[in-house]
Amino acid sequence: MFASTSNALPQGSILSNGLDLSVAYQKRELFPMQSPAIDAMPSFNRLLVATDFSAASQAAFRSALDTCIAVGASLVIAHVFEYAEAAPPETGGLLIELQSLREQCSNALVALRQQAEQAGVACETVLETGVASSIILQIIAEKGIDLAVLGTNALHGFERLVFGSTAEAVLRKSPCPVLTIGPRGGNCAKACNADGPIIFATDFDFNTIHAIRYAACFANLNGSPLHCLHVLPRTLEAGSQSEIVPAIMSEALQQLASESGVIIAPPICATTFGSEISNAVVDYAREQKAKMIVLGVRQASLLASHVPEHITYRIITEANCPVLTMAFATQSAATHAGARR
């Protein structure tokens with residue numbers, strides 16, 4: 001099916017990630033997704049919610065708790081106390097205040113655990129001292145976390161979220177998917193309708209398209225339709241390519257879904273146009289009243305050039321719904337070059 005359309009690709013058409021459209025599809029024919037036969041729908045047995053007791057963290061806690069109830073998972077609630085080294089030993093008064101603050105954090109964790117247990121969710125709490133991102137990643141590894149949930153308050157300008165932030169490190173290094181509740185996503189219950197879809201946004205990157213498994217999983221869990229979305233450059237919206245290119249991209253999305261290695265109800269495959277990819281994804285999600293946006297990212301820093309204009313962070317901070325990211329190790333270009341031979 002796919003091979004029959006690739007010859008009709010308009011030469012010189014450029015994907016939103018800057019690649020020549022015809023070249024990209026030739027590569028996809030040579031190197032399909034290669035999903036292993038053992039690929040299966042992801043399971044979520046233990047969730048982690050990292051909290052700093054802010055409003056965003058409260059929204060993250062509610063989302064984590066709802067997910068645990070839906071899938072029968074247990075919950076780990078973690079807080080990282082980062083103030084222990086804020087004062088030298090001679091400042092005794094300040095140290096006493098820090099000790100009092102730590103006790104308040106411990107009591108707040110207990111209160112959250114009680115809420116979870118009252119909802120019928122098995123729960124444990126972790127209070128650690130250190131660098132938040134390092135501790136969170138350590139907990140994910142040691143406790144076998146299947147899904148981490150974070151909240152962020154970055155209302156304006158995602159720079160505060162990106163540069164040296166906890167979220168940036170966790171998103172790109174976590175071995176499990178990360179569900180981030182942005183400043184607008186905390187009100188997702190009001191913004192989404194009961195039939196709102198799960199949106200998997202993709203640029204067909206070889207290293208990240210497997211994130212569709214997680215989109216399909218949440219679609220199944222919520223009984224929601226799955227939308228696969230690709231954003232085309234605004235320059236292709238006019239002229240003879242305005243119809244043929246979206247049709248080709250939709251066919252590519254259909255093949256992507258069929259190659260995913262999991263059982264997925266037939267998804268709605270959509271293409272949209274936009275000069276700013278993040279805005280186009282967010283606008284589509286708002287129009288559809290989406291329940292979740294799912295993105296595949298590379299484990300390399302999200303500040304790298306393959307995420308132009310910090311698309312991931314713009315989507316997180318602007319979306320009216322939670323955003324699920326799954327980081328994948330980057331396969332070297334040499335691997336693909338070797339496969340050609």
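This passage describes the open sheet of a predicted model and the helices that pack beside it.

The structure is a predicted model, in which local features need pLDDT of at least 70, side-chain atom pairs count only at pLDDT 80 or more, and totals for chains, interfaces and linings use all residues. Residues are numbered from 1 along each chain as its sequence is written, and side-chain values use heavy atoms, with hydrogens and water left out.

A good place to start is the sheet. It is open and built from 10 strands in the order 3-2-1-4-5-10-9-6-7-8, with mixed pairing. Strands here are DSSP runs of E with at least two residues, helices are runs of H or I with at least four, and both are numbered from the N terminus; two strands pair if DSSP finds at least two bridges between them. Strand 3 (123–129) and strand 8 (268–273) each have a single partner strand, so one side of each edge strand lacks a neighbour in the sheet. On average, neighbouring strands are turned by 25 degrees against each other, direction ignored.

Strand 2 (residues 74–81) pairs in the parallel sense with strand 3 over 7 bridges, and with strand 1 over 5 bridges. On the strand 3 side, His-79 stands opposite Leu-127; towards strand 1, Val-76 is the bridge partner of Leu-48. Because 8 of the 8 residues of strand 2 are buried, this strand is largely enclosed by the rest of the structure; buried means under 20% relative accessible area with a 1.4 Å probe, protein chains only. Ser-74, Val-76, Ala-78 and Val-80 point one way, while Leu-75, Ile-77, His-79 and Phe-81 point the other.

Turning to the helices, helix 5 (residues 132–142) lies across strand 1 (46–50), strand 2, strand 3 and strand 4 (147–151), and runs at about 155 degrees to strand 2. Such angles run from 0 to 180 degrees between the N-to-C directions of axes, which are lines fitted to C-alpha atoms, for helices over the stretch in contact. The axes of helix 5 and helix 7 come within 8 Å and cross at roughly 30 degrees. That makes the two helices roughly parallel, a label for angles under 35 degrees.

At this contact (heavy atoms within 4.5 Å), Ala-132, Ser-133, Ile-136 and Leu-137 of helix 5 meet Thr-166, Ala-169, Val-170 and Lys-173 of helix 7. Helix 7 (residues 166–173) has 6 of its 8 residues buried, so it is largely enclosed by the rest of the structure; among the buried residues are Glu-168 and Arg-172.

Definitions and conventions
Buried < 20%, exposed > 50% of the residue type's maximum accessible area, 1.4 Å probe, protein only. Parallel < 35°, antiparallel > 145°, perpendicular 65-115°, else oblique.
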